Structures are given as structure tokens and as C-alpha cells.
Amino acid sequence: MSHHYLQFKNVYFSYPNSNEILHDISFKINHGEHVALLGLNGSGKSTILLHTNGLLMPESGEVVVGDVPVTQKTLRLIRQTVGMVFQNSDDMLFMPSIKEDVAFGPRNMNLPDSEIERRVGFYLEAVGLKGMADRPAFSLSGGQRRAAAIASVLAMEPSVMVLDEPSANLDARARRQLMGIIDDFPHIILLATHDEEMAVTLCKRAILVHEGKIVFDGPTQIAIDHLHKLV
């Protein structure tokens, strides 16, 4: 499997009993690209993110990771390849300790215990939580919980990392640390955010979505300028 791109091909989607949410969404992100996904509330950003690893499936069109289409049959492989960090970190942390949260994904990949232990130690240290491995998530600050959630994704060593409003409700210190973690990720990043400074700093390219359609795909600052005209 080639993990070197994420592609949407003419994707359409509607929720039950609702109008069309996504209309002919097409883009391709290549290996090493960090791309911001911008748009007003309700524009379809989160819906796009949920299609990247099969939490939602297109009504028509196709989502492809490398040479593998996202289908019911490929979900296990896709979810090992596409790591998603939700806006609410508490949705991702449910084990008695954060080391067990970080181990959960690798354990479900049937990795050897020695490799699971290596990844847990390495990625908790990478996000600044080395000394907190045995603590439950509820005992951590909001920024620490966000870091633990990211570590749980990084421990699966994905080729694509998708983040939904990762800086929401973080203080300045936690936000700086988060930006460093994202900036260091060597593979594909798709980052939905209202944090314009984060978008410009971390992403050279941005995709602007409005009313379920892509209205701009190019340099991030130009995308932000277009976004301001939509408000």
C-alpha cells in the first residue's frame, strides 16, 4: 500500500433528512504536505474530516488513501493509516491511564508487547507527558489531555493525521507545544481550524470550504483573505 497521498474524488454527502452537506469535493494532498481546512461554522469541514477514515462514507464519489479506496472492506487498514484527533479530547481517552490510552491503538494492531511499550514511552515523551504515564486523563489539564490524545494517534504511526480544531480552549503554552508537535509530523496533515495564526504558521496551503463546496485551494494567507470576505 502506498500511503503517500490523500484524495477526495467528486465526493457528495447529505445527512439523513437534511440538505446536501458536501457538493463535489475534490482535492489531493501529497506526502509531506500540511494543509489547513478553512471555512465558516457549518461549511462542511468536520464532515470532510469524518470521510478521511470512513467514519462517514460518500453518497457518491470516492476517498482514497494511497492506492486504497475508503470502503467498508478496507476500514481496518485505513484507520491504521489515517489518525484522527477530535476537537474534544475526552472522546479519545477512556482507559484507566493515559499510557493505556496510548497503547490501545498499537495493541489493536497486534503489535508485540515490546513494540507497544516502546511506542508508548516514545510518544508520551514526544508530547511532554513522560512523567504522567500512570495518571488518568481526568486528572490532566485541557492541554495535557489534548497532548495525550495526539500521542494516542501518533503511537499508531499513521501516514495521515487529521485534526479538528486542535487549539480550541488551549492556553498559550499548550498551544505552542501543540504547534510544535504538528509541525514536526513528517507526513500528511489535514488541519481544520479557526486559528488563523496556526494555519498560516503550519500550513503553506489551505482549502477553503463554503456551503459544502471548495471555493479556494492555494496559499493559506490568500485563503484567509477570501474567508474574511465570506463573513
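In this predicted model, helix H6 gives the largest share of the lining of the second largest pocket, 3 residues. Helices H5 and H6 each supply at least two residues of that lining. The second largest pocket holds about 150 Å³ of space. Its lining consists of Gly128, Leu129, Met132, Ser141, Gly143, Gln144, Asp171, Arg173, Ala174 and Gln177. By class, these residues divide into 3 nonpolar, 5 polar and 2 charged.

The largest pocket encloses about 580 Å³. Of the 21 residues that line it, Arg79, Met84, Phe104, Gly105 and Met156 are the closest to its centre. Four elements each supply at least two lining residues: helix H2 (75-81), strand S6 (82-85), helix H3 (98-108) and helix H5. The lining of the largest pocket comprises 11 nonpolar, 6 polar and 4 charged residues.

Closed space was examined as well. Rolling a probe the size of a water molecule over the atoms shows where empty space is left. A search of the whole structure finds 1 cavity of 30 Å³ or more. The volume of the largest cavity is about 50 Å³. Gly143, Arg146, Ala147, Ile150, Leu170, Ala174, Gln177, Leu178 and Ile181 line this cavity. Two elements, helix H5 (142-154) and helix H6 (172-184), give two or more residues to the lining. The cavity lining divides into 6 nonpolar, 2 polar and 1 charged. Gly143, Ala174 and Gln177 appear in the lining of the cavity and also in that of the second largest pocket.

Strand S8 (residues 188-192) is mostly covered, with 5 of its 5 residues buried. In a regular strand the side chains alternate between the two faces of the sheet. Both faces of S8 are covered. Ile188, Leu190 and Ala192 are buried on one side, and Ile189 and Leu191 on the other. S8 runs parallel to strand S3 (residues 34-38), joined by 4 bridges. Ala36 stands opposite Leu191 of S8. S8 also runs parallel to strand S7 (residues 160-164), here with 5 bridges. Val162 stands opposite Leu190 of S8.

A separate description applies to an open sheet of 4 strands. Its order is S2-S1-S4-S5, and the pairing is antiparallel. Strand S2 (20-30) and strand S5 (68-69) form the edges, each pairing on one side only. Strand S1 (residues 5-14) pairs with S2 over 7 bridges in the antiparallel sense. Within this pair, Leu6 has Ile29 of S2 as its bridge partner.

Ser14 belongs to strand S1. Its relative accessibility is 17%, so Ser14 counts as buried, the cut-off being under 20%. Leaving aside residues up to four places away in sequence, Ser14 touches Asn19, Glu20, Ile21 and Glu59.

Helix H1 (residues 45-52) lies across S1, S2 and strand S4 (60-65). The helix runs at about 120° to S1. Because 6 of its 8 residues are buried, H1 is largely enclosed by the rest of the structure. The buried residues are Lys45, Thr47, Ile48, Leu49, His51 and Thr52. Gly54 follows H1 and has a positive phi, near 80°.

Notes. Residues are numbered from 1 along each chain as its sequence is written. This is a predicted model: local features need pLDDT of at least 70, side-chain atom pairs count only at pLDDT 80 or more; totals for chains, interfaces and linings use all residues. Side-chain values use heavy atoms; hydrogens and water are left out. On a 1 Å grid over the protein atoms alone, a cavity is a set of points where a 1.4 Å probe fits but cannot get out, and a pocket is an open set with protein on both sides within 12 Å along at least five of seven lines; lining residues have an atom within 4 Å of a point. Grid points are joined across faces, edges and corners, and a volume is the space filled by probe spheres set on the points. Ala, Val, Leu, Ile, Met, Phe, Trp, Tyr, Cys and Pro count as nonpolar, Asp, Glu, Lys and Arg as charged, and the others, Gly among them, as polar. Two strands pair if DSSP finds at least two bridges between them. Contact means heavy atoms within 4.5 Å. Axes are lines fitted to C-alpha atoms, for helices over the stretch in contact, and angles run from 0 to 180 degrees between N-to-C directions. Buried means under 20% relative accessible area, exposed over 50%, partly exposed in between (1.4 Å probe, protein chains only).
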